[in-house]
Amino acid sequence: MSENYISHHFDDIRQFARVIENRGDDSWCTKQSVLRDNAHYQREAAAHYLPIILIDDKYDVHLDLAQAQ
């Protein structure tokens, strides 16, 4: 996710993460921590030449699994 996306959709990110990850109490999750963690994962992916799908405007991702193999 881009900084822009996180900044504008943080409440949605938290809402859906609770459902997907079944986090329960996620009061520790802040916009700053999400931005920091996201930047870390983007740096790691780039350092290892891994492809990323950058969500910037809306969360509408379609994966081509044939290309991933």
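The paragraphs below walk through a predicted model of a protein chain, beginning with the whole chain and then turning to helix H2.

Read along the sequence, the protein chain follows the pattern α-α-α, and in keeping with this pattern there are 3 helices and 0 strands. Of the 69 residues in the chain, 20% are buried, where a residue counts as buried if its relative accessible area is under 20%. The chain exposes about 5900 Å² in total, and 52% of that area is supplied by carbon and sulfur atoms. If one takes the contacts between residues at least 6 apart in sequence, 51% of them join residues that are at least 24 apart.

Helix H2 covers residues 31-47, which gives 17 residues, and from its first C-alpha to its last it reaches 24 Å, close to the 24 Å expected at 1.5 Å a residue. Within H2, the residues Ser33, Val34, Asn38 and Ala45 are buried. Seen down the helix axis, the buried residues of H2 fall within an arc of 125°, and therefore they line one face of the helix. A general point helps in reading such a pattern: an α-helix has 3.6 residues a turn, so residues three or four places apart point the same way.

What does the face of H2 turned away from its buried side carry? On that face lie the exposed residues Gln32, Arg36, Arg43 and Ala46, and exposed here stands for a relative accessible area over 50%.

Following the chain just past the end of H2, the reader comes to tyrosine 49, which takes a positive phi of about 55°.

Definitions and conventions: Residues are numbered from 1 along each chain as its sequence is written. This is a predicted model: local features need pLDDT of at least 70, side-chain atom pairs count only at pLDDT 80 or more; totals for chains, interfaces and linings use all residues. Side-chain values use heavy atoms; hydrogens and water are left out. Helices (H or I, at least four residues) and strands (E, at least two) are DSSP runs, numbered from the N terminus. The expected span of a helix is 1.5 Å times one less than its number of residues. Buried means under 20% relative accessible area, exposed over 50%, partly exposed in between (1.4 Å probe, protein chains only). The arc is that of the directions from the helix axis to the C-beta atoms. Contact means heavy atoms within 4.5 Å. Accessible areas come from the Shrake-Rupley method with a 1.4 Å probe; for residues, only the protein chains shown count as cover.
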